[in-house]
Amino acid sequence: MKKIVCDSPFLAAQAAADVFEEQIKAKSNSVLGLATGSTPIELYNELASRCSQGRFDFSQAQTFNLDEYYPMKADNAQSYRSFMNKHLFSKVNFANSRVLNGEVSDPHAECAKFDSEIEAVGGIDLQLLGIGHNGHIGFCEPSTSYTLDTYLVDLTDDTIEANSRFFGEGETQPNQALTMGVGTIFKARKILLLITGESKADITKKLFDGVLYTDVPACLLLLHPDVTVVLDKAAAKHL
């Protein structure tokens, strides 16, 4: 596991963008796994800026997003499809972008279809991840056992509370989500984990303790052969 510590969230986003730029320049038709949440917004701004400068482009690249609330309409302002449209897809021309469909009547069939589509394009070359305060990656919540394939998950109270800030008064916040399982994530050839903010310092320390905490899903990344962790000094304060 490679670790890059940066002085600020802005510089962490720059370092993460460097990883994406290197990937696209090496393979223009890369398959990219993308994430949502507040952490990658600065990264997506930087990627859009670099594309507008002509440094590289995503016109041959495909994307698959980690997760989506369920049930959730794609045009809902809180959907992850809307998030990606706002922060990246409206600014960058990808060949194809796939987000799990939170409107389907059969979520299990949607999950199986999603994994099949990833397999059909040869798998994910670079997967972007964030980390939750409880150590979740995607929406793979802490547990004594983990689902390998993409699946429908019941969100923990901690995750629901952490994400409640995104929902306004009167908005319904789902307590389930469709998410890549750890097996789907682990099939990615490279993984980029982006961590910023002092609130993530305690969980980040567990990631680098040299111990495989089985109740911290992110610790499973210690077993992956190609993981780069980019973090700011606030997140790294206990390292």
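Colleague: Into how many nonpolar, polar and charged residues does the lining of the largest pocket divide?
Modeller: Keep in mind that this is a predicted model. Glycine counts among the polar residues here. On that basis, the lining of the largest pocket divides into twelve nonpolar, 14 polar and four charged residues.

Colleague: Which element supplies the largest share of that lining?
Modeller: Two elements, β6 (126-129) and α5 (157-163), each supply at least two residues of the lining of the largest pocket. The largest share is four residues, and these come from α5.

Colleague: Which residues are closest to the centre of the largest pocket?
Modeller: Let's start with the space itself: the largest pocket has a volume of about 530 Å³. It is lined by 30 residues, and the closest to its centre are G37, I131, G132, H136 and K200.

Colleague: Which helix gives the largest share of the lining of the second largest pocket?
Modeller: The second largest pocket has a volume of about 230 Å³. Its lining includes G37, Y69, F166 and F167, and also Y80, S82, F83, K86 and H87. By class, the lining has six nonpolar, five polar and one charged residues. Its largest share, five residues, comes from helix α3 (residues 80-89).

Colleague: How are α1 and α2 oriented to each other?
Modeller: Two packed helices are described by the angle between their axes and the distance between the axes. For helix α1 (residues 9-26) and helix α2 (residues 41-52), the axes come within 8 Å and cross at roughly 55°. An angle of 65 to 115 degrees would count as roughly perpendicular, and one under 35 as roughly parallel. Neither range holds this crossing, so α1 and α2 are oblique.

Colleague: How do the residues of the contact of α1 with α2 divide by class?
Modeller: On the α1 side, the residues include F10, A13, A17 and F20, and they meet E42, L43, E46, L47 and R50 in α2. The residues of this contact divide into seven nonpolar, one polar and five charged.

Colleague: Is the crossing of α1 and α2 left-handed or right-handed?
Modeller: We have the two helices crossing at roughly 55°. As for its hand, the way α1 passes α2 is right-handed.

Colleague: Is the peptide bond from Y70 to P71 cis or trans?
Modeller: Most peptide bonds are trans. P71 sits in the loop between β4 (67-70) and α3. The bond from Y70 to P71 has omega near -10°, and it is cis.

Colleague: How far apart are the C-alpha atoms of V19 and D75?
Modeller: V19 lies in helix α1. Leaving out residues up to four places away in sequence, V19 touches L126 and L192. D75 is 56 residues from V19 along the chain, and their C-alpha atoms are separated by 31 Å.

Technical notes. Residues numbered from 1 in each chain as written. Predicted model: local features only at pLDDT ≥ 70, side-chain atom pairs only at ≥ 80, totals over all residues. Heavy atoms only, no water. Axes fitted to C-alpha atoms, helices over the stretch in contact; angles between N-to-C directions. Parallel < 35°, antiparallel > 145°, perpendicular 65-115°, else oblique. Left-handed = near helix turned anticlockwise from the far one by under 90°. Contact = heavy atoms within 4.5 Å. 1 Å grid on protein atoms, 1.4 Å probe; cavity = no way out; pocket = protein on both sides within 12 Å on 5 of 7 lines; lining within 4 Å. Points joined across faces, edges and corners; volume = space filled by probe spheres on them.
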